[in-house]
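Me: I'm getting to know the words used for protein structures. Please go through some of them with me, starting with the picture below.

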Amino acid sequence: MIALSLAEIAAVVGGQTHDIPDPSVRVTGPVVRDSREVEPGSLFAAFAGERVDGHDFARQVVDAGAVAVLASRPVDVPAIVVDDVQAALGALAREVVARLGATLIGLTGSAGKTSTKDLLAQVLRRKAPTVFTPGSLNNEIGLPLTALSATEETGFLVLEMGARGIGHIRYLTGLTPPRVGVVLNVGSAHIGEFGGREQIAQAKGELVEALPEDGTAVLNADDPLVRAMASRTKAKVVLFGEADEADVRAENVRLTDTGQPSFSLHTPSGCSDVTMRLYGEHHVSNALAAAAVAHELGMSAEEIATALSEADSLSRWRMEVTERPDGVTVVNDAYNANPESMRAALRALAAMGKASRAKGGRTWAVLGKMAELGDEALAEHDAVGRLAVRLNVSKLVAVGGREAAWLQLGAYNEGSWGEESVHVSDAQAAVDLLRSELRPGDVVLVKASRSVGLEGVAQALLQTGAEGEVAAR
């Protein structure tokens with residue numbers, strides 16, 4: 001964070017100083033909410049959660065070097081006391097962002113936000129120091145914490161913005177007003193909470209409504225609901241996608257034998273070839289979004305293509321591909337799931353399977369519940385099960401309760417007849433089955449909504465030769 005005194009911070013957040021001998025002492029380290037992340041010079045934001053109250057760690061964090069605690073009550077150590085810690089954190093982020101010279105880029109969408117944000121950050125940091133959202137910390141707490149990690153040297157601030165309802169993104173853009181806004185897609189994620197895709201589009205479009213007239217809206221030309229958002233902004237509109245009208249587009253899209261996308265990147269200033277390290281054709285759209293932003297910010301097609309070709313996956317459990325010593329490949333995509341990302345992952349598995357089949361290997365899809373689909377849940381799980389059969393996945397292992405049963409039933413009705421699909425009760429049962437049947441050359445995809453905890457299956461499979469159980473959640 002840019003250095004501010006405790007007196008300045010108290011004034012910004014409307015707080016009262018308590019037990020602070022010298023209000024001119026400055027916060028020079030990061031603002032954190034996890035006591036394990038405290039560094040000398042930090043400000044610790046104390047949140048009272050359901051199981052843990054950050055106020056209880058006040059003495060510990062000060063002893064570890066924190067300058068003070070941002071708290072909702074006095075804690076017998078240097079503190080700035082406010083009525084609402086979350087609101088105060090947001091106010092502090094708004095003030096710090098206003099003092100920065102960085103270009104703020106906001107990014108949202110139903111699927112691919114985190115992967116695109118990671119790609120964009122890796123491209124932009126070749127041009128200037130770049131701060132970006134770690135993992136998926138894209139809510140009303142994670143976003144200001146990311147913004148507060150920027151410094152005077154930061155050239156670009158890339159902020160992922162999530163939404164679970166109308167008004168959420170409007171609130172986030174109020175804390176960190178973007179100059180560039182990127183909308184990737186409108187899909188089925190959280191459709192049970194929103195009520196429909198039109199409502200999701202309404203919420204996602206709040207990002208482009210927040211842009212200034214001299215800003216830029218980067219929109220997916222291949223998604224009609226996103227493309228229609230051009231009418232909701234006064235900013236310049238740049239389209240990306242495979243459509244002919246896209247300003248930044250991909251041509252000659254193909255997958256390598258290992259399932260990695262390759263394409264020709266076309267921008268208004270030139271063309272260049274890209275072959276990505278990531279897996280799955282869905283990353284082409286993510287790459288185009290990142291390319292469109294980078295081009296608007298002054299990078300050439302060649303610079304962008306080189307950066308995209310060298311970019312890695314920075315966030316865990318998102319198409320993490322690991323080959324075991326015995327030749328079994330585990331694809332851990334278990335961080336989250338919705339219908340769009342599930343279909344993309346299955347297609348990536350099918351592409352990877354072409355190379356494995358040449359060696360006698362098979363493809364396995366270990367899938368679980370997709371949460372928050374509301375009335376669409378039965379149809380969407382059934383459709384994913386059917387797609388696994390259509391893509392010729394060797395075996396579907398549906399893990400869990402009712403939704404997993406729907407997955408398996410969809411596969412059965414599509415034509416697996418129970419031979420290419422099986423329903424197991426839990427993660428441990430899936431691991432036991434796979435350990436008994438996997439052979440060299442097999443490729444195993446593991447994917448479900450975060451609440452299911454299927455990352456434990458992937459982790460257990462990577463413990464080659466071990467007989468340990470899936471870690472309890």
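Me: About how much space lies in the second largest pocket?

Reply: The second largest pocket holds about 270 Å³ of space. Please keep in mind that this is a predicted model, where local features need pLDDT of at least 70, side-chain atom pairs count only at pLDDT 80 or more, and totals for chains, interfaces and linings use all residues. Residues are numbered from 1 along each chain as its sequence is written, and side-chain values use heavy atoms, with hydrogens and water left out.

Me: What makes a space a pocket, and what makes it a cavity?

Reply: Both are searched for on a 1 Å grid over the protein atoms alone: in a cavity a 1.4 Å probe fits but cannot get out, while a pocket is an open set of points with protein on both sides within 12 Å along at least five of seven lines. The volume is the space filled by probe spheres set on the points, joined across faces, edges and corners.

Me: Which residues of the second largest pocket are closest to its centre?

Reply: They are E323, T329, A355, K359 and V443, out of 14 lining residues; a lining residue has an atom within 4 Å of a point. Helix α13 gives the largest share of this lining, three residues. The elements that give two or more are β17 (320-323) and α13 (339-358), where helices (H or I, at least four residues) and strands (E, at least two) are DSSP runs numbered from the N terminus.

Me: How many cavities of 30 Å³ or more does the count come to?

Reply: The count is one, and about 30 Å³ of space lies in this largest cavity. Its lining is made by A388, V389, V393, K395, L396, A411 and E420. Helix α14 (377-390) and strand β20 (395-399) each give two or more residues to that lining.

Me: Why is the contact between E310 and R126 called a salt bridge?

Reply: The rule asks for a side-chain nitrogen of Lys or Arg within 4 Å of a carboxyl oxygen of Asp or Glu. E310 and R126 have N to O at 2.4 Å, so the pair passes that limit. E310 lies in helix α12 (residues 301-310) and R126 in the loop between α4 (113-124) and β9 (130-132), so the pair ties together parts 184 residues apart in sequence.

Me: How do you know that E206 and R170 form a salt bridge?

Reply: Their closest N and O atoms are 3.3 Å apart, so they too fall within 4 Å. E206 is in helix α9 (residues 206-209) and R170 in helix α6 (residues 168-175), so parts 36 residues apart in sequence are tied together.

Me: Is E206 buried or exposed?

Reply: Buried means under 20% relative accessible area, exposed over 50%, and partly exposed in between (1.4 Å probe, protein chains only). E206 has 2%, so it is buried. Its partner R170, at 44%, counts as partly exposed.

Me: Why is W417 called exposed?

Reply: W417 has a relative accessibility of 58%, and the cut-off for exposed is over 50%, so the word fits. W417 is found in the loop between α15 (402-416) and β21 (421-424).

Me: How many salt bridges are found in the whole structure?

Reply: The search finds 26. One of them joins the side chains of E209 and R232, with N to O at 3.0 Å. There is also a network of salt bridges that links R197, E340, R343 and E380.
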